[in-house]
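Q: Could we go through this structure together, beginning with one strand and then turning to the chain contacts?

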Amino acid sequence: MQTPLRVDPTQALADIATFQRKLAAGMANLRNMREPEYANTPRELVYSEDKLKVWHFTGHGKATSKTPLLIVYALVNTVWMTDLQADRSMVRNLLEQGEDVYLIDWGYPDGADRWLTLDDYINGYLDRCVDVVRKRHGLDAINLLGICQGGAFSLCYTALHPDKVKNLITMVTPVDFHTPDNMLSHWCRRMDVDLFVDTMGNIPAGLMNYVYLTLKPLRLNQQKYIGMVDILDNPTELENFLRMERWIFDSPDQAGEAFRQFIKDFYQGNKLVKGTLDIGGQSVDLGMITQPVLNIFAEQDHLVPPDASRALGKHVGTTDYTQLAFKGGHIGIYVSGRAQREVPPAIHQWLRQRD
Amino acid sequence: MADPANDFIRDYQALAQQSWDAWTRQFQQPPAANPFAPPPAPAAGNDMLERTLAGLKGYFDWMQAAASGGAAQPATDWRQQLQQMFGGASQPFAQAFGGIDTAGAEGFSRQWQSWLQAVQRGGFGELSGLQGPTPAFGLNREQQMQQQALATALLESMRASARYQELIQRANAEGMQRLQARLAEPGRQVDSLKGLYDLWVDASEEAYAGIALSDEFRDAYGEMVNTQMRVRQLQQQQTEQMCQQLGVPTRSEVSSLGERLQALRREFRANLADGSADHAGEIMALRRELAALKRRLADRPAVPAVKKRAAAKPAVAVKKAPAKAARKPTSPSKSGSGQRKRK
């Protein structure tokens, strides 16, 4: 059989020399590179409590939508994925479409937040944030956009407080946690979560990041950085790369009790779809969600498999359910060029038809 | 003659001193990587950068080795060639998936071995638990039991880590097999080192995903985490005891306070909400009462007022009555002022 390895020796040596040269030159670029800033779309603080802040984004023009949109992000990682950089900002894009955008920044929990439960987050913090926005606009109900774990929170919230939510959008939100391709769920199935939280207290961000990296260890620990060498001589691309690195690793610890409940009830118990979930003594029934629902998920999502999100359609009580599959991954759905063209306009169109 | 009381105090003080020494030695240990422990504080500025980029050296070394003795050389057996490039002990990717985990597991073992050595030096005696549980008695009975439990937990943790590592190695081996299978596909041809590397990454990630989603891996992963947590928990218990002896507040005390504080905050908010609800009800009741009173007042004949003021201002009393009546929306013709407002 003929060998499939047809690497030209001269070309191989040239590749090595190029790699070496780029690496050496790139070191100088990296040393001079400052910490990349996020997009920092102009915003005003409208509410704060403990470490939580609610931001209202101020666009150039007046919002055309009648109902404000409150973004509920996950507790994992920071909310700035939604406003990463000027040309990759979901928030900025939504503003340009005419939406009136608010965002909950959960902050960085510390030891004082160790005992915050899901009830504290959903029926406490989130409910008060919704009330603040409702009051500012003199409305009974507002639009919610829940992202990832924040989507699961938004589902619980809407089921428990249906009068306060007009339209619900979920993005890359896990609903059925027991689909066979859910690696995170698979791994934590035999974990003694009580022992884990009792021992660790709050769950360190570094540990969370470590687990995420081991989902695709070669791609995320090695191949990505080898690819970085190719952009070391391009300051703009290098800055974008480092900004993403900042976002990935500048992440908050997880409040111990909320983590315990989330792993036990969602990941291990899959109670959201079983209808056995209890938040603060109240049963969470997805059938109670009768308002319009737009469910957006990513087809190449390695953290929240598409089937985990698709399951929502079978469980919500609404007759106005829309599903949007995005060709990309868990992060690309916010920051890729395709996402900028497709996702915010789709959200705006869908909301406008129901405003 | 020995003074038992003084001996006891002296012994206790010596023990406390030894415990303190053991405690301080913990801080002198070099930081060890542990996947289930917070990472060490990042080095400032360019040190961190250089460490990150140092990881790329492995790739660079592999390229050099592959170019000089592997892919770029004509060979009759390409499978053997591939094995040399990716499977040799000297190549940088032999521990591809295990890279972090192996370092982490080693770090974990090293950390706890250091801990055990420190504890032994600190006066807690021999760790008989390493040879299996033995009966404990006397003044230090509890410490002996704890040491045995810690030693047992440590061994279990090492076994669990070894089991996990076996699966990681299996992923490595299957990755190689998949790479060979891909290269054996009809028409497949690789003409650059980067292309070969990317193909190897694809094959290895596929192999890893298959194993990582198996029941065997799930059980091994859970066991590894649980046993490491058990060791950590026992270590925390001993640390807390040292702290108590030294009068240092412990994490469980602080945590307990936090729990109570959070419970109080919940109670306070609930009371506040109940209070607000009560007040809201009370305000609504008062408003209803006020409205009823106004209606009753409006329905009452205005005779006494007219009588009282009749002498002084009879014209005003007469004018007020029609004015009140005009505010009632009795007919469209009387709502002229409202129409003006709308303009």
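A: The following turns take up a strand of chain A and then the contact between chains A and B.

A: This is a predicted model, in which local features need pLDDT of at least 70 and side-chain atom pairs count only at pLDDT 80 or more, while totals for chains, interfaces and linings use all residues. Residues are numbered from 1 along each chain as its sequence is written, with chains lettered from A and ligands numbered from 1 in the order in which they are written.

Q: Is strand E5 of chain A mostly covered or exposed?
A: E5(A), residues 142-147, is mostly covered, and six of its six residues are buried (20 or more other C-beta atoms within 10 Å of the residue's own, with C-beta atoms placed from the backbone). Strands are DSSP runs of E with at least two residues, helices are runs of H or I with at least four, and both are numbered from the N terminus.

Q: Which strands pair with E5(A)?
A: Strand E3(A), residues 69-72, pairs with E5(A) in the parallel sense over four bridges; pairing requires at least two DSSP bridges. Strand E6(A), residues 165-171, also runs parallel to E5(A), joined by six bridges.

Q: Which residue of E6(A) stands opposite Ile142(A)?
A: Val165(A) stands opposite Ile142(A).

Q: And the contact with chain B: how many residues of chain A are involved?
A: 46 residues of chain A are in contact with 52 of chain B (C-beta atoms, placed from the backbone, within 7 Å).

Q: Which helix supplies the largest share of that side of chain A?
A: H1(A) does, with eleven residues.

Methods. Buried ≥ 20, exposed ≤ 12 C-beta atoms within 10 Å, placed from the backbone. Contact = placed C-beta atoms within 7 Å.
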